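Reader: I have a structure open in front of me and would like some help reading it. Could we go through a few places together, slowly?

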Amino acid sequence: MSANLITDYFEKLAACIASATYSDVTGQSMTAEGAFKHVLDRLRDTAASNRKVLFCGNGGSAGICSHMATDFFKNGGIKALALNDSSALTCLSNDYGYEFVFSKQIEMIADAEDVLVAISSSGRSENILKAVTAARAKKCHVVTLSGFKEDNPLRQSGDVNIHVSALDYGFVESAHLALITAIIDLYMGWPNIKYPT
């Protein structure tokens, strides 16, 4: 293996993160600054009003959800929950079908003005799209992260939509993790973050 191959890998990953695109629910393009400001303002409002952030994703995206929900409540002091508990997923998929594993939870525990962070590399996962519909019905705010094709339906459904233009799961998922980490770090005041001990 050559050093150039490793360098190329990380340069491509950095390019995926840097070239992420942002849009609103109408499909209008947003700047990175505008999108981040919108999400950060929403998080401040969510914390101030004692609301919560809900995360949903499948596979590697579910891992991001668990990681970030923990960071949001432990480091950011924001109520946060990943909707991927194994008992809940198996129960709801058995009783209703896997396409409803997140939407049923949102119907039960979401409150108006909560925030849903919906993550799907393809932007086409039926259970994620149904989660967004359920969150909208509960009058939640929605942030989406997707990848692959630009015309994926998830990218058109959030108040802020973050799209990573890559076709490799690893690059899309790593970029999503970096982007959400940036959101919570900036929320906490990076570069002068004081992590709880």
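Reader: Let me start with K139: is that residue buried or exposed?
Author: This is a predicted model, so everything I say is about that prediction. K139 has a relative accessibility of 57%, and because exposed means over 50%, K139 counts as exposed.

Reader: And where does K139 sit along the chain?
Author: You will find K139 in the loop between α6, which covers 126-137, and β6. The backbone there deserves a look too, since the phi of K139 is positive, about 65°, although K139 is not a glycine.

Reader: Why point out a positive phi?
Author: Most residues other than glycine have a negative phi.

Reader: OK, what about F148, what is its phi?
Author: F148 also is a residue other than glycine, and its phi has a positive value, near 60°. This residue belongs to the loop between β6 and β7.

Reader: Is F148 buried or exposed, then?
Author: F148 has 16% relative accessibility, and because buried means under 20%, F148 counts as buried.

Reader: Since we got to β7, how many of its residues are buried?
Author: Strand β7 covers residues 160-164, and 5 of the 5 residues are buried, so the strand is largely enclosed by the rest of the structure.

Reader: Which way do those side chains point?
Author: V160, I162 and V164 point one way from β7, while N161 and H163 point the other way, and all are buried. In a regular strand the side chains alternate between the two faces of the sheet.

Reader: What does β7 pair with, and in which direction do the strands run?
Author: Strand β1, residues 21-23, is joined to β7 by 3 bridges, and these two run antiparallel. Strand β6, residues 141-147, is joined to β7 by 5 bridges, and that pair runs parallel.

Reader: Which residues could I click on to see who stands opposite whom?
Author: For β1, try T21, which stands opposite H163 in β7. For β6, try L145, which stands opposite I162 in β7.

Reader: Switching to helices: at what angle do α3 and α7 pack?
Author: Helix α3 (residues 60-74) and helix α7 (residues 169-187) pack at an angle of about 15°, and their axes are 10 Å apart. The two helices are therefore roughly parallel to each other, and α3 passes α7 in a right-handed crossing.

Reader: Which residues make that contact?
Author: On the α3 side the contact is made by G60, S61, I64, H67, M68, D71 and F72, and on the α7 side by E173, H176, L177, I180, T181, I183 and I184. Sorted by class, the residues of this contact of α3 with α7 are 7 nonpolar, 5 polar and 2 charged.

Reader: How does α2 pack against α7?
Author: Helix α2, residues 32-48, packs with α7 at an angle of about 60°, with the axes 10 Å apart. That makes α2 oblique to α7, and the crossing of α2 past α7 is right-handed.

Reader: And which residues meet there?
Author: From α2 there are F36, V39, L40, L43, R44 and A47, and they meet L179, A182, I183, L186 and Y187 in α7. By class, this contact of α2 with α7 has 10 nonpolar residues, no polar ones and 1 charged.

Reader: While we are on α2, I was curious about T46, is it buried or exposed?
Author: T46, which lies in helix α2, counts as buried, because its relative accessibility is 1%. Not counting residues up to four places away in sequence, T46 touches R51, K52, V53, I78, E113 and V115.

Reader: How do α1 and α7 cross?
Author: The axes of helix α1 (residues 3-18) and α7 come within 9 Å and cross at roughly 55°. That makes α1 oblique to α7, and the crossing of α1 and α7 is right-handed.

Reader: Which residues are involved?
Author: Y9, K12, L13, C16 and I17 in α1 meet F171, S174, A175, A178 and L179 in α7. The contact of α1 with α7 divides by class into 8 nonpolar, 1 polar and 1 charged residues.

Reader: Last one: which peptide bond is cis?
Author: The peptide bond from W190 to P191 is cis, and its omega is near 15°. P191 lies in the segment after α7. Most peptide bonds are trans.

Key
Residues are numbered from 1 along each chain as its sequence is written. This is a predicted model: local features need pLDDT of at least 70, side-chain atom pairs count only at pLDDT 80 or more; totals for chains, interfaces and linings use all residues. Side-chain values use heavy atoms; hydrogens and water are left out. Axes are lines fitted to C-alpha atoms, for helices over the stretch in contact, and angles run from 0 to 180 degrees between N-to-C directions. Helices (H or I, at least four residues) and strands (E, at least two) are DSSP runs, numbered from the N terminus. Angles under 35 degrees count as roughly parallel, over 145 as roughly antiparallel, 65 to 115 as roughly perpendicular and the rest as oblique. A crossing is left-handed if the near helix is turned anticlockwise from the far one by less than a right angle, and right-handed if clockwise. Contact means heavy atoms within 4.5 Å. Ala, Val, Leu, Ile, Met, Phe, Trp, Tyr, Cys and Pro count as nonpolar, Asp, Glu, Lys and Arg as charged, and the others, Gly among them, as polar. Buried means under 20% relative accessible area, exposed over 50%, partly exposed in between (1.4 Å probe, protein chains only). Two strands pair if DSSP finds at least two bridges between them.
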